[in-house]
Amino acid sequence: MNVIDRNSILSVPLTLRAQNNERLGNATGFFWRGAAGRTYLVSNRHVFTGNHYQTNACLRNDSAFPMTIEYPRMVNVQHPHERAVHTVRLCDEAGNCSEWCGHPIHDTAPVDIGFIEVPSVANDSSYVVAINDRIEYECGQILKRYPPGFELIVAGFFLNDRPTGYFPTYIRASVASEMDALYHGKLAFLIDGQTSSGMSGSPVYATGLDAIDPTKKFGGGFKTTSPFVGIYSGRIIEVEDEKKRELQVGVVWRRELISEMIASYEAKLGDK
């Protein structure tokens with residue numbers, strides 16, 4: 001068996017398909033483990049709807065919208081390159097998206113995150129690996145502040161033919177705004193990196209050198225960390241004189257939002 005980095009099995013390539021099964025494009029996502037054995041596929045709101053998350057305008061000229069998403073599941077831990085492809089339905093024929101969920105608080109000015117519960121598959125031994133399965137990713141903690149310029153990694157899929165198979169491309173980026181300053185008042189911040197289309201929904205990790213306690217004479221110094229930071233949402237598009245320009249700066253939504261969304265969803269299930 002070849003050696004595979006754990007982060008490489010956490011990013012999930014997604015294929016979006018319309019009502020007529022036409023392939024609309026690619027995106028990236030990851031799995032999140034909820035309560036009572038529930039598992040969720042997490043990506044961007046605009047991936048699930050096909051609409052801009054703020055204006056709700058269709059992102060395609062032909063007004064097509066995704067009805068289903070294809071995603072791979074692990075088959076054998078000894079052969080991580082082998083996957084079983086499954087499909088989950090996003091909406092009905094009219095485009096009413098009742099299957100996936102957004103943030104319960106920010107519906108009026110939504111955040112660009114969505115999730116959908118992944119059903120268990122009968123008579124199928126395939127499985128998924130969730131990003132919050134292991135404590136070292138720090139998913140259950142409040143995200144610490146990383147200073148501007150701190151190195152991050154965006155792990156996603158941006159090529160249609162996916163020459164690296166089910167394993168993502170790693171794009172180096174850096175924190176480009178004060179994390180506590182928020183982004184349009186939301187728990188998000190900016191990063192500077194050469195990302196591309198298809199990487200929407202990618203998990204972002206902090207891979208720079210993180211100080212333990214440099215004031216200590218012994219046991220101080222630095223450690224190499226790779227906690228999960230949040231979900232990438234794509235580059236910012238600047239409009240000037242009716243001309244659009246895609247910046248190298250993109251948006252990362254902080255991991256706390258995902259926990260809030262899924263906790264709220266599961267609380268509603270418990271009320272029923």
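Tryptophan 32 is a useful point of entry: beyond its neighbours within four places in sequence, this residue is in contact with Arg38, Thr39, Tyr40, Val42, Ala130, Ile131, Asn132, Cys139, Phe228, Ile258, Ser259 and Ile262. The model examined here is a predicted one. Trp32 is also among the residues with the most contacts inside the largest nonpolar core, together with Ile113, Phe228, Trp253 and Ile258. That core has 32 residues. At least two of its residues come from each of β2 (23-33), β3 (39-43), β9 (188-193), β13 (228-240), β14 (243-254) and α2 (255-271). The greatest contribution is that of α2, which gives four residues. Separate from this core is a second one of 20 residues, including Val12, Val47, Ala64 and Ile116.

The aromatic residues may be considered next. The whole structure holds 10 aromatic pairs. One of these joins tyrosine 205 and phenylalanine 228 in an edge-to-face arrangement, with 6.4 Å from centre to centre and 65° between the planes. Because tyrosine 205 belongs to strand β10 (residues 203-206) and phenylalanine 228 to strand β13, the pair ties together parts that lie 23 residues apart in sequence. Tyrosine 205 has a relative accessibility of 0% and therefore counts as buried. Phenylalanine 228 is likewise buried, its relative accessible area being 0%. Ring pairs also link Tyr205 and Phe228 with Phe30, Trp32 and Tyr137 into a cluster. Trp32 thus belongs to this ring cluster and is in contact with Phe228.

Strand β1 offers a view of the pairing at the start of the chain. Six of the six residues of β1 (residues 12-17) are buried, so the strand is largely enclosed by the rest of the structure. In a regular strand the side chains alternate between the two faces of the sheet. In β1, Val12, Leu14 and Leu16 point one way, whereas Pro13, Thr15 and Arg17 point the other way, and all are buried. Val12 is also one of the residues of the second core.

β1 has β2 as an antiparallel partner, the two being joined over six bridges. Within this pairing, arginine 17 stands opposite arginine 23 of β2. The hairpin formed by β1 and β2 has five residues between the strands, and asparagine 21 takes a positive phi near 75° there. β1 also pairs with strand β4 (residues 68-74), again in the antiparallel sense, over three bridges. Arginine 17 takes part here too, with threonine 68 as its bridge partner in β4.

A further set of pairings involves β7, β8 and β9. Strand β7 (residues 151-156) and strand β8 (residues 169-175) run antiparallel and are joined by six bridges. Glutamate 151 stands opposite serine 174 in β8. β8 in turn pairs with β9 in the antiparallel sense over three bridges, and alanine 173 has glycine 193 of β9 as its bridge partner. β9 is one of the strands that supply at least two residues to the largest core.

The protein as a whole can now be summarised. It contains two helices and 14 strands. Of its 272 residues, 48% are buried. Among contacts with a separation of 6 or more, 64% join residues 24 or more positions apart. The protein exposes about 13900 Å², of which carbon and sulfur atoms supply 49%.

Methods
Residues numbered from 1 in each chain as written. Predicted model: local features only at pLDDT ≥ 70, side-chain atom pairs only at ≥ 80, totals over all residues. Heavy atoms only, no water. Core = buried A, V, L, I, M, F, W, Y, C linked by side-chain atoms within 4.5 Å. Buried < 20%, exposed > 50% of the residue type's maximum accessible area, 1.4 Å probe, protein only. Contact = heavy atoms within 4.5 Å. Phe/Tyr/Trp six-rings, centres within 6.5 Å; stacked < 30°, edge-to-face > 60°. Pairing = 2+ DSSP bridges. Areas by Shrake-Rupley, 256 points an atom, 1.4 Å probe, with all protein chains shown as cover.
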